[in-house]
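Student: I have a new structure open and I'd like to learn how to read it. Could you walk me through some of its features?

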Amino acid sequence: MTDTIGVDTQPTTNPHWPIPLERRTVTVLFADIVGSTALVNRLDPEEVRALQRAYFETVAGVLHRWQGVVEKYIGDAVMALFGARHSDGFDAYRAVRAGLEIQAALDDRPVLGDTRLRVRVGVATGEVVVDLGDAVDGGHGLASGAVITTAARLQEYASPGAVALCAVTAHATTGLITRRRLTPPPAADAAPVWHAIGPVRRDADRHDGRLIGRRRELATIRDQLGAAVRERRPGWVSLVGPSGSGRSRLLHEASDALTTVDGEPVRWCAAACQPYPDQVVAPVAALLRDVAGIRHGDGPAAIHSRLVDALTPLLPPARVATAVPTLARMLATPDGSAPALAGAALCREFLLRLAAERPLVVAVDDVDRAAPAVGRFLHALLGAAAERGLPLAVLTAHQPRWADSAPRTTRQVPVRPLTAVQSGRLLRQMLRRAGQPVTLVDRLLPLVGGRPGHAAAYVTSVADGADAATLVLPEAVRRAVGAELDHLDGERRAVLMAAGTLGAVFSGPSVDRALGWAPGRSAPALRGLVAAGLLLPHRNDGYAFAAPALRQVATERLPRTLRAVFNRRAADGTRPDAADPTGGTAAGTNHSRRHRAAADVPPGQALPYPNSGGRWSTDANRSAAVARATPAGSRTADRVPLPRVVAWTPGPAAPR
């Protein structure tokens, strides 16, 4: 059984693409009032109206804060989607945080006099087909999938005031949300259910095992940071790479690579940024904790003592007496309030005074997740250090898209994929540590694409019991790669998704033909994808996907029916006599065929449509060739003929 719900298609601050259909993994939140019938029966209609308005406004405000899209209100129930049009890889996390905040908001706020509402919340994650092209009443598109029904059933299993999670949601929020599993399940035939408890402080990732490769990157980091503190010319070094590339490990190793400069010990303080921080200066508080030796779990007395010990050598007694309470408040509540920002300013001065004593490196991991206040803090810290000529350096790690926010003088260190030899060594090391046979290296090596994070995910999957012969893409990798796709602008995303049907190695002309573009039209986008680390140059003017998972996710986004249409279209382009979609001859088809011979398209891998402000041109004829173009038994077997696609017309560039 499936249900259909609407998706708000109005523009938001994130780039979304007006595409007709897309298969996406989304998270659905379903909330309903407990005992609403009895409550309504004892209230006056005007009181019911006031109660409903207060309830819906509270819930909608929380959902908007966590970037959920309200589908509709059904009686007393509210349903919302996370990740329907744009994914950041943390859709499940945002939905659970929204559910918890809804409960807290209703607990803290009587909605009518002394009346307090109790609600049940269910959160489920699964695949839907999202229709963002056709508008229906109210300007909404449609999303369909069984996960919608699952979310509604889950809220029935939740206790009043609780948030119930499906297994996929619980797994997706591991390390971010504390939860407990209901034992036994609510019903004999029910799937496992978890109750969310609350967000947790995520500890720094463990970095076990010997570092493989990265000698050149590590040497560059050491030289740049060393020069900044030696010459007292504060500098900013950024480790830039896509998800799973090993940025965090490299940042961790840098602290061991630079311990002294000219015999003088270097002090390090580090922080990691959580996804979607509601406490906006939490990374600044983490820097203070690190440098002052304050542990999580320390009580007020211990925090006060450690702050006094850290500040006394640097400030006069009167200044220490006023600074300690301000810093303690920031540590307790590192939000965006005036007291917290005042604490951040004091922390900046504290770090500058530490740098005046001895060289200091301030390291921030995943800085692209941080609130803007953290970026402003780092900019101000670096600027003040430069004015005073202090031996201070800033080291950050982030995704490529955040690079524009770093200072123009930043030295960027690209974190590129490991070589095949390095990936093999890393896999052997991981398999041994997991107690798995190293013979699995041959099976895993083609899947990881040189990304250490992908290698770790596959090894974990095998260690958890997955069949090595039929490995599926780990969900953690799927989420991260899907977020990379959604952050691309329209043209680059179109090129990348089109390339997915052409094989692991493809050419620019073959992409142009697939999209119906003029020769050379895709070249700027291909260069941009190479610069972003998503594609790699290949011999004979070709390109290859930097990560196999990227190609798989791009092609799987296409619904089966359209996938079959584009599969046929891509196959037609390999024949010497095939007509060019633009109306000319298929020039360069031999070049395309050479690439396809090297990396043939597996069954079910077909051309997705691009996502940007353009549209596909179609004719009115139903294509009976769709089924003939699809291998028998393929998952993409098309039994519903569709209009034949003629060409893609690009629209204006999407906002960045």
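Tutor: Sure. Let's begin with a term: a residue is called buried if its relative accessible area is under 20%, exposed if over 50%, and partly exposed in between. Keep in mind that this is a predicted model.

Student: Okay, let me try that on D298. Is D298 buried or exposed?

Tutor: D298 has 17% relative accessibility, so D298 counts as buried. D298 also has a charged partner: D298 forms a salt bridge with R295, with the closest N and O atoms 3.9 Å apart.

Student: What makes that a salt bridge?

Tutor: The idea is that a side-chain nitrogen of Lys or Arg lies within 4 Å of a carboxyl oxygen of Asp or Glu. For D298 and R295 the distance is 3.9 Å, so the pair makes the cut.

Student: How many salt bridges turn up in the whole structure?

Tutor: The search finds 28. One of them joins the side chains of E127 and R23, at 2.8 Å from N to O. E127 belongs to strand β5 (residues 119-131) and R23 to strand β2 (residues 22-33), so this pair ties together parts that lie 104 residues apart in sequence.

Student: Are E127 and R23 buried or exposed?

Tutor: They get separate labels. E127 is at 42% relative accessibility and counts as partly exposed, while R23 is at 18% and counts as buried.

Student: Which other salt bridge could I practise on?

Tutor: Try R369 and D366, whose side chains meet at 3.8 Å, N to O. R369 has 23% relative accessibility and is partly exposed, whereas D366 has 10% and is buried. Salt bridges can also share partners, and in that way E22, R24, D486, R493 and R557 are joined into one network.

Student: R493 is in that network. Which helix has R493 among its buried residues?

Tutor: That's α17, where the buried residues are G490, R493, A494, V495, L496, M497, A498 and A499. Helix α17 spans residues 490-499 and is mostly covered, with eight of its ten residues buried.

Student: Now for rings. What describes a pair of aromatic rings?

Tutor: You give the distance of the centres and the angle of the planes. This structure has four aromatic pairs. Take F506 and Y543: the ring centres are 6.2 Å apart and the planes are at 25°, so the pair is stacked. F506 sits in strand β17 (residues 505-507) and Y543 in strand β19 (residues 542-545), which puts the two 37 residues apart and links distant parts of the chain.

Student: How covered are these two, F506 and Y543?

Tutor: F506 is buried, with a relative accessible area of 1%. Y543, at 16%, counts as buried too. Ring pairs also bring in F545, giving a cluster of F506, Y543 and F545.

Student: Where does F545 lie?

Tutor: F545 is in strand β19, and at 10% relative accessibility F545 counts as buried. Look for L534 as well: the C-alpha atoms of F545 and L534 are 6.4 Å apart, with the two residues eleven apart along the chain.

Student: Which residue lies over the face of W517?

Tutor: That's R521, at 4.9 Å from the ring centre.

Student: And helices? What describes two packed helices?

Tutor: The angle between their axes and the distance between the axes. Helix α8 (residues 282-292) and helix α10 (residues 317-332) pack at about 120°, with axes 9 Å apart. That makes α8 and α10 oblique to each other, and their crossing is left-handed.

Student: How does helix α9 cross α10?

Tutor: The axes of α9 (residues 300-311) and α10 come within 10 Å and cross at roughly 130°. These two helices are therefore oblique as well, and α9 passes α10 in a right-handed crossing.

Student: One last feature, the backbone. Which residue other than glycine has a positive phi?

Tutor: D541 is one of them, with phi near 60°. D541 is in the loop between β18 (535-538) and β19, and D541 is exposed, with a relative accessible area of 69%. Q67 also has a positive phi, about 60°, although Q67 is not a glycine. You'll find Q67 in the loop between α2 (45-65) and β3 (69-74), where Q67 is partly exposed at 35%.

How values were computed. Residues numbered from 1 in each chain as written. Predicted model: local features only at pLDDT ≥ 70, side-chain atom pairs only at ≥ 80, totals over all residues. Heavy atoms only, no water. Helix = DSSP H or I, 4+ residues; strand = E, 2+ residues; numbered from the N terminus. Buried < 20%, exposed > 50% of the residue type's maximum accessible area, 1.4 Å probe, protein only. Phe/Tyr/Trp six-rings, centres within 6.5 Å; stacked < 30°, edge-to-face > 60°. Lys NZ or Arg CZ within 6 Å of the ring centre and 35° of its normal. Axes fitted to C-alpha atoms, helices over the stretch in contact; angles between N-to-C directions. Parallel < 35°, antiparallel > 145°, perpendicular 65-115°, else oblique. Left-handed = near helix turned anticlockwise from the far one by under 90°.
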